Amino acid sequence: MIIDLFDINDIFRYLNQAAEAMGVETYVVGGYVRDIFLERDSKDIDVVCVGNGIELAGTFAKIVGSNEVNIFKNFGTAMVRCISGDEIIEVEFVGARKESYNRNSRKPIVAPGTLNDDQNRRDFTINSMAISLNTSSLGELIDPFFGIIDLHNKIIKTPLDPNITYSDDPLRMMRAIRFASQLDFTIEENSFNAIKANVDRLEIISKERIAEELNKILLSPKPSIGFVLLEQSGLLMKILPEFIKLKGIEVVNGQAHKDVFYHTLQVLDNVAQKTNNLWLLWAALLHDIAKPDTKKYIEGIGWTFHGHEVVGSKKVAKIFARLKLPQNDKMRFVQKMVYLHLRPQFLSEEGVTDSAIRRLLFEAGEDIDELMLLCEADITSSNKHKVKKYLENFQLVRQRLVEIEEKDFLRTWQPPITGEHVMETFDIKPSREVGVIKNAVKDAILDGDCENTFDAAFEFMLEKGKSLGLKPKNKNINSK
């Protein structure tokens, strides 16, 4: 098979010139080749030469007029950024190599090799294809493992013995599932069985690399595919054992609760259809994570999960820390979404009062739209009438949110009375009373019992302080 590379991207013309100038066998390999056949856009081109990849990168950079050659000596690679049309393309160069592994590390021992050696070391057949960049065989597909057939059949499998492939580099197990999730492919049976047999090897992989693959699975068009495979393979128990506890149904007196594992995956897919916000996807994944901890059967009522949103928001921090995920505003956003995910539902069921809407706007702030998206995605009942009713109620909540926001500007609102105001007015130091007064002022404004102005809030603060036995240090204020 011959591929017209020049018709795909002008960069291949310059790569051909660099290969001819150096007189070395040169090929485009890996994901870019795969994506040509999948007709997917790709901004990263991997180039292998049977020789010195770093020198080839320098020659290519001179041809395209780039002064930026990033060399990574530890890996024997170099990268050149260049412009193709309106896009910046990253071209990475490496010499063909063969690898061997120490059992305690996924970092290979590398030696120069042939193109065949280089293809043998690749993770999957669909990533093992190469296309020649040399004039004598320009555009020729070199596909020793029939990756093009596996692409056509939507199959993920390794070029060599999968047990060896996964044991050598256990991250490939995560990558297999990630590709299956991203592309909606099936992992070949022998390959999937090898993943099951090698789950314990995941222990040599850093948490950061595992989290990176999890993030890519979450960003798949239908992330539930990846999480079902993670569960079936045994990898999910190693990575996120809390999520495994969501699986299953318990029945008491003929009453059963829903399988929270599959409910959560449906919520996750619902969110993925609406947004590629990674942290909202994490919130969808973890929104019911504490249901097993709070599950209780009450005679006459049925199954309850009281407080699972509170317990769940606390579990988020522990899970993020264990997986080496961000411990910053991204983590706090996920916590907030988990903590508040039931609030709009309660509003839609119990009545949409102005004070309740003000509180929701104040607590959700700028993230109110993401919260509403999560809440709507959380409606997974098979009862179409019930779903329709919930979604109509959520529309009412959304309408009231807009009305109150236009009137009160509560997304970025902060109470007009601060702790400093309280301490200065009553000449007191930080104490419980300061918090009590601040919260009382905030609640009075949110409940509509006090105007949202400084003067009204100040008067309310004085009255609250008086009820606590506090006197303002300025007597003129007291007699106002």
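**Exercise 1. Pairing in the sheet**

In which sense do strand E1 (residues 26-29) and strand E8 (residues 130-132) pair, and over how many bridges?

Solution. Before starting, note that this is a predicted model, in which local features need pLDDT of at least 70 and side-chain atom pairs count only at pLDDT 80 or more, while totals for chains, interfaces and linings use all residues. Residues are numbered from 1 along each chain as its sequence is written, and side-chain values use heavy atoms, with hydrogens and water left out.

Step 1: Helices (H or I, at least four residues) and strands (E, at least two) are DSSP runs numbered from the N terminus, and two strands pair if DSSP finds at least two bridges between them.
Step 2: E1 and E8 pair in the antiparallel sense, over three bridges, and tyrosine 27 stands opposite serine 132 in E8.
Step 3: In the wider setting, an open sheet of seven strands with mixed pairing has the order E3-E4-E5-E2-E1-E8-E9. Its edge strands are E3 (69-72) and E9 (141-142), each of which pairs on one side only.

**Exercise 2. Salt bridges**

Find where the partners of the salt bridge between lysine 336 and aspartate 367 lie, and then set this pair beside two other pairs.

Solution.
Step 1: A salt bridge is a side-chain nitrogen of Lys or Arg within 4 Å of a carboxyl oxygen of Asp or Glu, and by this rule the count comes to 25 salt bridges.
Step 2: Between lysine 336 and aspartate 367 the N to O distance is 2.9 Å. Lysine 336 lies in helix H18 and aspartate 367 in the loop between helix H20 (354-364) and H21, so this pair ties together parts that are 31 residues apart in sequence.
Step 3: Glutamate 68 and arginine 81 also form a salt bridge, with their closest N and O atoms 3.0 Å apart. Here glutamate 68 is in the loop between helix H4 (53-64) and E3, whereas arginine 81 belongs to strand E4 (residues 77-84).
Step 4: In the salt bridge of arginine 172 with aspartate 169 the closest N and O atoms are 3.9 Å apart, and both residues are buried (buried means under 20% relative accessible area, exposed over 50%, partly exposed in between, with a 1.4 Å probe and protein chains only).

**Exercise 3. Covered and uncovered residues**

How many of the 10 residues of helix H21 (residues 368-377) are buried?

Solution.
Step 1: Seven of the residues of H21 are buried, and the helix is mostly covered.
Step 2: The buried residues include Ile368, Leu371, Met372 and Cys375.
Step 3: For the chain as a whole, 48% of the 480 residues count as buried.

**Exercise 4. Positive phi**

What is the sign of phi in glutamate 39 and in aspartate 427, neither of which is a glycine?

Solution.
Step 1: Most residues other than glycine have a negative phi.
Step 2: Glutamate 39, however, has a positive phi near 60°, and this residue lies in the loop between helix H3 (31-38) and strand E2 (44-49). Glutamate 39 counts as exposed, because its relative accessibility is 75%.
Step 3: Aspartate 427 likewise has a positive phi, of about 55°, and its place is in the loop between helix H23 (419-426) and helix H24 (432-446). With a relative accessible area of 57%, aspartate 427 is exposed.
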